[in-house]
Amino acid sequence: MRPYPSRPARLAVPAVPAAALLLLLGAACPAVAADGDPDRDFTIEDSRITESSGLAASRLHPGVYWTHNDSDDGPYVFAVDSRTGKTVATITMRGVGEPRDVEGISIGPDGDIYVGDIGDNLDGSWSHVWIYRFPEPKVLRDATVTATQYDVKYADGARNAEALMVHPTTGRVYIASKNEDGGGLYEGPAKLTAGAPNTFRRVGEVPWVTDGAFSPDGRSLVLRSYFSARVYDFEDGRLGESRSVAAPFQRQAESVTYTADGSALMFGSEGAGSEVVRVEVEGGAKPSGDGEEKGKPSGSSGSSGSGTPSSGAGEGQDGDGKGSVGLGAVIIVGVGALWFALRRKRGQG
């Protein structure tokens, strides 16, 4: 196991009264819920996880999310508890060679975890990529597991990709390619085969995609990019109508998954101490301990269809996170004004 870098030191905060700064920033910064409820906004606390590039909600352990680093990390997958943000298990995959650029993770109807070593930053330099597969551990503890490795190629030539999705009822694997001019949705064979190439064929057109996830019933597919996200109707293996999602603005938006019960989407980001942000879907039950009306998003009133994140969850945004940018600007201006006013008052006194 290679040594992991330590978390970089935090930047110094300007000389502003601490209480006032916390008051202004508290409403905008996600944090682990004080009452320890699962599936809320949380921060990944593990200093080893600096490039969280995929998320998958555990099927066996409520409130736990599987993630992994990007390239050059090794065959590791981490289980993070959303109640605390702490890693509760580190899984080392054996029998898979040296991972090259791991970009996606998903859990199939068979309970297996699928890990997508599908990145290709040179846009077509690799003749094939890989998928690794192993059963989700029944007990959360550090362990080494034997994974099955599948060779993957595309019918229309090599390409870069960051989104791996396993359909929750058919078990078929899908990959969304990443390209600045628009990517494609690729469908794998009905059953993956070890020891022989698995050819993925283009079945739909998609925008720039950094991650994706199926809803638990398989009727919706959400695809996100750095600045926006869309949810698509999905039927008979094909994309249907789509709607924008009020995705949060994040420093490097790399991951998304539905909660295990389908009540919300969880959006993640790369970086040390990265935040995972919850966005409600229509009719989704709130986490336990929340006194709000069941199915009604906190601070919002809109919804946008079955399995679709509520548009009200990001009210005031246009789907690309600009609303969050505006809120950040207001906070910065407010803090600056407060600091200036207090300095002026002291000077007059």
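Two strands count as paired when DSSP finds at least two bridges between them. The legends below describe a predicted model.

**Figure 1. The protein chain as a whole.** The protein chain contains 2 helices and 21 strands. It has 349 residues, and 50% of them count as buried. Of the contacts between residues at least 6 apart in sequence, 53% connect residues at least 24 apart. The chain exposes about 16000 Å², with 52% of this area supplied by carbon and sulfur atoms.

**Figure 2. Strand 16 and its two partners, strand 15 and strand 17.** Strand 15 (residues 211–214) and strand 16 run antiparallel and are joined by 4 bridges. Strand 16 and strand 17 (residues 229–235) also run antiparallel, here with 5 bridges. Leu-223 can be followed across both pairings. Toward strand 15, Leu-223 is the bridge partner of Gly-212; in strand 17, the bridge partner of Leu-223 is Arg-230. The hairpin of strand 15 and strand 16 has 5 residues between the strands, and Gly-218 in this hairpin takes a positive phi near 80 degrees. Another hairpin, with 4 residues, connects strand 16 to strand 17.

**Figure 3. Side-chain directions in strand 16 (residues 220–224).** This strand is mostly covered, with 5 of its 5 residues buried. Ser-220, Val-222 and Arg-224 point one way, while Leu-221 and Leu-223 point the other way. Residues in both sets are buried, Ser-220 and Arg-224 included.

**Figure 4. An open sheet of 8 strands.** The strand order is 6-7-8-10-14-13-12-11, and the pairing is mixed. Strand 6 (104–107) and strand 11 (161–166) are the edge strands, each paired on one side only. On average, neighbouring strands of this sheet are turned by 30 degrees against each other, direction ignored. Within the sheet, strand 8 (residues 129–135) pairs with strand 10 in the antiparallel sense over 5 bridges. Trp-130 stands opposite Asp-151 in strand 10.

**Figure 5. The largest nonpolar core and a second, separate core.** The largest nonpolar core has 19 residues. Trp-66, Val-77, Met-93, Ile-105, Ile-113, Val-115 and Phe-134 touch the most other members. Two or more residues come from each of strand 3 (64–68), strand 4 (76–81), strand 5 (87–94), strand 6, strand 7 (112–117) and strand 8. A second, separate core of 15 residues includes Tyr-150, Ala-161, Leu-192 and Phe-200. In soluble globular proteins, nonpolar side chains tend to be buried together.

**Figure 6. Surroundings of Val-115.** Not counting residues up to four places away in sequence, Val-115 touches Val-77, Met-93, Val-102, Gly-104, Ile-105, Trp-130, Ile-131, Tyr-132, Phe-134 and Leu-164. Val-77, Met-93, Ile-105 and Phe-134 also appear among the core members that touch the most others.

**Figure 7. Ala-147 in the loop between strand 9 and strand 10.** This loop lies between strand 9 (143–146) and strand 10 (148–154). Ala-147 has a relative accessible area of 8%, under the 20% limit, and therefore counts as buried. Leaving aside neighbours within four places in sequence, its contacts are Met-93, Arg-94, Gly-95, Val-96, Arg-133 and Phe-134. Phe-134 is 13 residues away from Ala-147 along the chain, with a C-alpha separation of 4.9 Å.

**Figure 8. Gly-54 in strand 2 (residues 54–57).** Gly-54 is buried because its relative accessible area is 0%. Beyond neighbours within four places in sequence, Gly-54 is in contact with Trp-66, Thr-67, His-68, Glu-103, Ile-105, Asp-211 and Ser-255. Of these, Trp-66 and Ile-105 are members of the largest nonpolar core. The C-alpha atoms of Gly-54 and Leu-164 are separated by 8.8 Å, although the two residues are 110 residues apart along the chain.

**Figure 9. Asp-37 and its polar contact with Arg-40.** Asp-37 is found in the loop between helix 1 (18–26) and strand 1 (42–43). Its relative accessibility is 9%, so Asp-37 counts as buried. The side chains of Asp-37 and Arg-40 are joined by a polar contact of 3.0 Å.

Methods. Residues numbered from 1 in each chain as written. Predicted model: local features only at pLDDT ≥ 70, side-chain atom pairs only at ≥ 80, totals over all residues. Heavy atoms only, no water. Buried < 20%, exposed > 50% of the residue type's maximum accessible area, 1.4 Å probe, protein only. Contact = heavy atoms within 4.5 Å. Axes fitted to C-alpha atoms, helices over the stretch in contact; angles between N-to-C directions. Core = buried A, V, L, I, M, F, W, Y, C linked by side-chain atoms within 4.5 Å. Areas by Shrake-Rupley, 256 points an atom, 1.4 Å probe, with all protein chains shown as cover. Polar contact = N/O pair within 3.5 Å; in protein donor to acceptor, adjacent residues only side chain to side chain.
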